[in-house]
Amino acid sequence: MALTKQERRFRIKMRIRKIVSGTAERPRLNVFRSNKQIYAQLVNDLQGTTLLAVSSLDKEIIAAAGNKTEKAALVGKALAEKAVAAGVANVVFDRNGYLYHGRVKQLADAAREGGLKF
């Protein structure tokens, strides 16, 4: 029997999470993509804490006009600015089972342009 989209994404997510883990000096950049919004956070998996989070629901990003991919780029840039200000330069990227394409790729590219290394 064929897998549903959610089951397929969950399997890919678990395959990635076996390998990718965040630490205090190199946190995991986790991306969640809903139909309308995109969320990104830096996670320290050793302590189980979220260091910082940015989403397309933030006031300055909502105010910016544009489509979903443009807002994903704004989220990536805002996350990179906050991370660099907090002293984080290196991260591990966790695409969370999504294809590295479209909004996820825009967020990652904008975070790289903002100064994050992964």
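Here are some questions and answers on how features of this predicted model earn their labels.

Q: Why is Asp45 said to form a salt bridge with Arg28?
A: The closest N and O atoms of the two side chains are 2.8 Å apart. A salt bridge needs a side-chain nitrogen of Lys or Arg within 4 Å of a carboxyl oxygen of Asp or Glu, so the pair qualifies. Asp45 sits in the loop between S2 and S3 and Arg28 in strand S1 (residues 28-33), so the bridge ties together parts that are 17 residues apart in sequence.

Q: What makes the pair of Asp45 and Arg17 a salt bridge too?
A: Here the N to O distance is 3.6 Å. That value also falls within 4 Å, so the pair counts as a salt bridge.

Q: Which parts of the chain does the pair of Asp45 and Arg17 link?
A: Distant ones: Asp45 belongs to the loop between strand S2 (38-44) and S3, while Arg17 belongs to helix H1, 28 residues apart.

Q: What larger arrangement do Arg17, Arg28 and Asp45 belong to?
A: Together with Asp94, these residues are linked in a network of salt bridges.

Q: Buried or exposed: how do you know which word suits Arg28?
A: Arg28 has a relative accessibility of 8%. Buried means under 20%, so Arg28 is buried.

Q: Why are Asp45 and Arg17 called partly exposed?
A: Asp45 has a relative accessible area of 23%, and Arg17 has 28%. The class runs between 20% and 50%, so both residues are partly exposed.

Q: How do you know that Asp109 and Lys105 form a salt bridge?
A: Their closest N and O atoms are 3.4 Å apart. The limit is 4 Å, so this pair meets the definition. Both residues lie in helix H4 (residues 103-113), four residues apart, which is about one turn of the helix.

Q: What makes Asp109 and Lys105 partly exposed?
A: The relative accessible area of Asp109 is 25%, and Lys105 stands at 36%. Buried would need a value under 20% and exposed one over 50%, so both residues are partly exposed.

Q: How many salt bridges does the structure hold?
A: There are five salt bridges, and the pair of Asp109 and Lys105 is one example.

Q: Why is Lys5 called exposed?
A: Lys5 has a relative accessible area of 74%. Exposed means over 50%, so the word applies to Lys5. This residue is in helix H1 (residues 5-17).

Q: Which residues gather with Lys5 in a patch of positive charge?
A: Arg33, Lys36 and Lys68 join Lys5 on the surface. Lys and Arg count as positive, so the patch is called positive.

Q: What makes the pair of Ser55 and Leu57 a polar contact?
A: A polar atom of the Ser55 side chain lies 3.1 Å from the backbone nitrogen of Leu57. The cut-off is 3.5 Å, so the distance is within it.

Q: Why is Ser55 called buried?
A: Ser55 has a relative accessible area of 10%. Buried means under 20%, so Ser55 belongs to that class. Its place is strand S3 (residues 49-55).

Q: What is notable about the phi of Asn96?
A: Asn96 has a positive phi of about 65° although it is not a glycine. Asn96 is in the loop between strand S4 (92-94) and H4.

Q: How do you know whether Asn96 is buried or exposed?
A: Asn96 has a relative accessibility of 5%. With buried defined as under 20%, Asn96 is therefore buried.

Q: Why does Gly102 get a middle label?
A: The relative accessible area of Gly102 is 28%. This value lies between 20% and 50%, so Gly102 is partly exposed. Gly102 is in the loop between S4 and H4.

Q: Buried or exposed: what decides the label of Ala65?
A: Ala65 has a relative accessibility of 77%. Exposed means over 50%, so Ala65 is exposed. Ala65 lies in the loop between helix H2 (59-63) and helix H3 (68-85).

Q: What makes Ala110 count as buried?
A: Ala110 has a relative accessible area of 5%. The limit for buried is under 20%, so Ala110 is buried. Ala110 lies in helix H4.

How values were computed
Residues numbered from 1 in each chain as written. Predicted model: local features only at pLDDT ≥ 70, side-chain atom pairs only at ≥ 80, totals over all residues. Heavy atoms only, no water. Patch = residues over 30% accessible without salt bridge, like charges linked within 9 Å, V, L, I, M, F, W, Y side chains within 5 Å. Areas by Shrake-Rupley, 256 points an atom, 1.4 Å probe, with all protein chains shown as cover. Charge placed at Lys NZ, Arg CZ, Asp CG, Glu CD. Helix = DSSP H or I, 4+ residues; strand = E, 2+ residues; numbered from the N terminus. Buried < 20%, exposed > 50% of the residue type's maximum accessible area, 1.4 Å probe, protein only. Polar contact = N/O pair within 3.5 Å; in protein donor to acceptor, adjacent residues only side chain to side chain.
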